[in-house]
Amino acid sequence: MEDLSKTSGLELKLDLKKHSLILGKNLNKIKPEVRYLKEPKEIPPRKGITAPEQLYYIYRGLRDIKDEDIIRGNKLRYDIIVIRPGKLGNELMKTAGQNHRGGHGELYEVVYGEAWCLLQKKDVKNSRIIEDVILVKAAPGDKVVIPPEYGHTLINTGKTHLVVSRWVSSEFSPEYELYKMEGGAAYFVFEDSLGERFEANPYYQEVPKMRVARPFKKIEKFGLSSSEPMYFLARVQARKFDFLNNPDKYDYSDVFEFL
């Protein structure tokens, strides 16, 4: 059992054996949406991959009950995603890739574990041409801003669970179809006897060299700090999350430190 209260800002515990969250008494009681192995169509064809049956779990619309009005009033939603450890064959465990309808971005926070966020921006006329790929390496407390027009997938690089929280617009709508059609992201991330390695997805016609980055520890214009859970910001400065509802008003060129 792992206590996530300090890093998330909510009364939460992680049951490592059941891959589930234990919600405190002041939180709304919601059941997770489960993503199954049979659902994502983004795994390169390899025989014998039958486990685990369940890959990750999404607690959608989680909140402290007393915060309901301010969250709804600012058109926000808070989710937590629990990603199991392990691999699919020799590919690191990951979430299904998604783009965002309406140009909305997302804001992630690593609550527990180690995360890589693989971002990609496609050509507006040809989705098989990728203009930019960014691999963001994030540790507990780090905040990962997903810029508009970038699709992404989360990768669990650690030996234990990965727990991430996210703020999104309540009008946010994910779009999975392109990633399914393309068989996944621009790169696959494998781990075997040779160590970690990347392979370009052969579906794409053009894939640029990957840029590696990490989040800045402070992003002042969005009120973000790696030392403070981002849940609290909705209570005191919810207007800082305006970029989630009005993404085109903001500049995202300074949210990552490139390595």
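This passage describes the nonpolar cores and the cavities of the structure. The model is predicted, so that local features need pLDDT of at least 70 and side-chain atom pairs count only at pLDDT 80 or more, while totals for chains, interfaces and linings use all residues. Residues are numbered from 1 along each chain as its sequence is written, and side-chain values use heavy atoms, with hydrogens and water left out.

A nonpolar core is a set of buried Ala, Val, Leu, Ile, Met, Phe, Trp, Tyr and Cys residues joined through side-chain atoms within 4.5 Å, where buried means under 20% relative accessible area (1.4 Å probe, protein chains only). The largest such core has 59 residues, and W167 and F241 have the most contacts inside it. Strand 6 (residues 76–83) contributes the most to this core, with six residues; strands are DSSP runs of E, at least two residues, numbered from the N terminus. A separate core has 14 residues, including L92, L135, V189 and M210.

Beyond its neighbours within four places in sequence, W167 is in contact (heavy atoms within 4.5 Å) with residues including L76, Y78, M230 and F241.

A cavity is a set of points on a 1 Å grid over the protein atoms alone where a 1.4 Å probe fits but cannot get out, and its lining residues have an atom within 4 Å of a point. Five cavities of 30 Å³ or more are present, and the largest holds about 90 Å³ of space. Its lining comprises seven nonpolar residues, four polar and one charged. Strand 14 (151–156) and strand 5 (54–60) each supply at least two lining residues, and strand 14 gives the most, with three.

Definitions and conventions:
Buried < 20%, exposed > 50% of the residue type's maximum accessible area, 1.4 Å probe, protein only. Helix = DSSP H or I, 4+ residues; strand = E, 2+ residues; numbered from the N terminus. 1 Å grid on protein atoms, 1.4 Å probe; cavity = no way out; pocket = protein on both sides within 12 Å on 5 of 7 lines; lining within 4 Å. Points joined across faces, edges and corners; volume = space filled by probe spheres on them. Nonpolar A, V, L, I, M, F, W, Y, C, P; charged D, E, K, R; others polar.
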